[in-house]
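Please read the following briefing alongside the sequence and the coordinates, taking the topics in the order in which they appear.

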Amino acid sequence: MDIPKELIGHILSFLDKKNSSRVAGVNKFFHEHYHWLRQCFTDKNCQLLIQDDLTADKLIAGEINPKIFYQAVQTNNIPVLKKLLFIEPVRRWILYIPLYQSRIPQEFHKPMVPRKLFLTAESGKQNVLNTDCVKQWLPVSVMVSVNDFEGLFRNRYIEYACKITSNDIIYPNAPIAPSISPRTTS
Amino acid sequence: MKAKIENIINEIDKKISDADESNKSIPKSAQEHLIFFRSLLKDGLIREKPLPSIFKDAILYIENIKVQSVKGTFFSKARTITMRDQLGRSAYLSNHEAPSPLIIQSVGHRIMLNDPETLEFFKAIYGDLTRFYPTNGWNYTYPLEQGQVMNQVIGDWQNEMIPINPSPTYNAYQDFKRNYTLAGKKEEDDELITRSLQGFIEQTDYLNAQKETVLRWIQENGGQKLNRFITELLASGELTGHYSALAEADSLLNDWSIENGRMVFNYECCIYSYLNENSLLLKNTATGSIVESEGEDRSLPLLFICAKIELECVEQRVIPIVSYLNVSSFSPDLPRPDIMENNINNIIK
């Protein structure tokens, strides 16, 4: 809903000096916030990390400062990124698995060799050698430890040794991409 | 001398018929060995092979019989070795004469021939052999997708098998020295293995620029690493319906050869028992039902797997392709892969 400009002007005219400067401050803050948000969501390197809804939601809500986040990504500042992205030492992260068959299995269990999980389907395509046989890049939500983050950020994959159960698998009809449009357009 | 062999045959025949009367007096595996042994000798006589050659076959056969050497204890698993190991390395095969064209591998209850037709009596014997197995199991050949068997396990395995080290490694050579063969022939030292491999690859249709890569790939990955997908198939629950780990299994055939201008690996293995998620050992019974077991005795065959892996070469990348995969279950309790797939699809729907 768009509020008419006249109405906003009318409301603002009732404000005293103190409150109008507050409105100006908030306005400036949001202006900057959205500017940095825009930077974050359009930058390729940032996009890698905000594929999953968790991080995107936090950025939009301002729980993660988009300016600090953007600058940390540009300078590969791992310690800062760790602080921003990991409130707890372990968190869920949506990563991608190459699926070689049309049926999605109930679980992935590979006790012998750890399985590579990719940050994005794109990074998977660059690392997997038999991409011709991949039917789809299946998103799975798995626990990633803060210690694994540097490897994930630099190599775009982690070596995951645990079992992936049906709770972790994100089935195609479930929403995976965060819906950001209504809140970011100003 | 021929009369002597006939005597031996009669002796064996008597043992077999005795055994048939009182099944307990002689173990089934020993019975099978005797049947085969008789067949070898008879075959030799009928074809009027020179005597040394008959003996060679017979000794080769004996050397390949697997026996349990150490009884399993609480701390260690029972170990099987071949008679060759038991007799000491001074046995027949060590003196580098060309092995007989007849390659026999005897593993526990199962006796394998690379070319059954070479034995006149094979068919008759085969009847004897099959009577030890329950016949109510199933057999399944995996369908091909663009010339290869493809599912999650095989896709992952293939992806992991493609890369090779920048510097040459010879990881597969230990397996070549143990039980991997080149067109049925086993080589004993590194140099001979390399020379044979080069000789084989020279005859293939790969581009000259790719031949070196194919050689490097086999030197590194052409050994036991190749059959890892069997373990992974079991772990994925594909063959048993739930996570399982290989317990007792034997590779019966590990042979590299050339087919249609490509290097091809023929693989056969027999699985006797597996562990389930709770680490319980599961075995096959004579009736074909699967039971938990802690016994040390060797179990009956449970799954028999036959696979063919072809090496495709794209630019400088060697891609192992599973072009044939057949699984026989000697137990109806195990789910057939296609039926299981259908059931799961129905549940999802």
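In this predicted model, residues 88-134 of chain B keep a pLDDT under 50 throughout, although the model has 79 contacts beyond four places in sequence for them. Where pLDDT is low, the predicted coordinates should not be read in detail. Over the whole of chain B the average pLDDT is 74, with 64% of the residues scoring at least 70.

**The complex and its interface**

- For the complex, the predictor gives an ipTM of 0.75 together with a pTM of 0.69.
- The contact between the chains involves 15 residues of chain A and 21 residues of chain B, and on the side of chain A that touches chain B the residues comprise ten nonpolar, three polar and two charged.

**Strand pairing around strand 8 of chain B**

- Strand 7 (residues 245-259) and strand 8 (residues 262-275) of chain B run antiparallel and are joined by 13 bridges, and in this pairing Glu248(B) has Ser273(B) in strand 8 as its bridge partner.
- These two strands, 7 and 8 of chain B, form a hairpin with two residues between them, and Asn260(B) in the turn has a positive phi of about 50°.
- Strand 8 of chain B also pairs with strand 11 (residues 303-314) of chain B, in the antiparallel sense and over eight bridges, with Ile271(B) standing opposite Leu303(B) in strand 11.
- A further antiparallel pairing, of three bridges, joins strand 8 of chain B to strand 9 (residues 281-284) of chain B, where Leu282(B) in strand 9 is the bridge partner of Tyr274(B).
- The hairpin of strands 8 and 9 of chain B has five residues between the strands, and Ser279(B) takes a positive phi near 60° there.

**Gly137(B), a loop residue**

- Gly137(B) lies in the loop between helix 5 (122-130) and strand 5 (138-141) of chain B, and Gly137(B) counts as buried because it has 21 C-beta neighbours inside 10 Å, where 20 or more are required.
- Not counting residues up to four places away in sequence, Gly137(B) touches Gly288(B), Ser328(B), Ser329(B), Phe330(B), Ser331(B) and Pro332(B).
- The C-alpha atoms of Gly137(B) and Leu334(B) are separated by 8.3 Å, although the two residues are 197 residues apart along the chain.

**Ile68(A), a helix residue**

- Ile68(A) is found in helix 5 (residues 66-74) of chain A, and with 15 C-beta neighbours inside 10 Å Ile68(A) counts as partly exposed.
- Leaving aside residues up to four places away in sequence, Ile68(A) touches Val80(A) and Leu84(A); Leu84(A) is 16 residues from Ile68(A) along the chain, and their C-alpha atoms are separated by 8.7 Å.

Terms used: Residues numbered from 1 in each chain as written. Chains lettered and ligands numbered in written order. Predicted model: local features only at pLDDT ≥ 70, side-chain atom pairs only at ≥ 80, totals over all residues. pLDDT = per-residue confidence, 0-100. Contact = placed C-beta atoms within 7 Å. Nonpolar A, V, L, I, M, F, W, Y, C, P; charged D, E, K, R; others polar. Helix = DSSP H or I, 4+ residues; strand = E, 2+ residues; numbered from the N terminus. Buried ≥ 20, exposed ≤ 12 C-beta atoms within 10 Å, placed from the backbone. Pairing = 2+ DSSP bridges.
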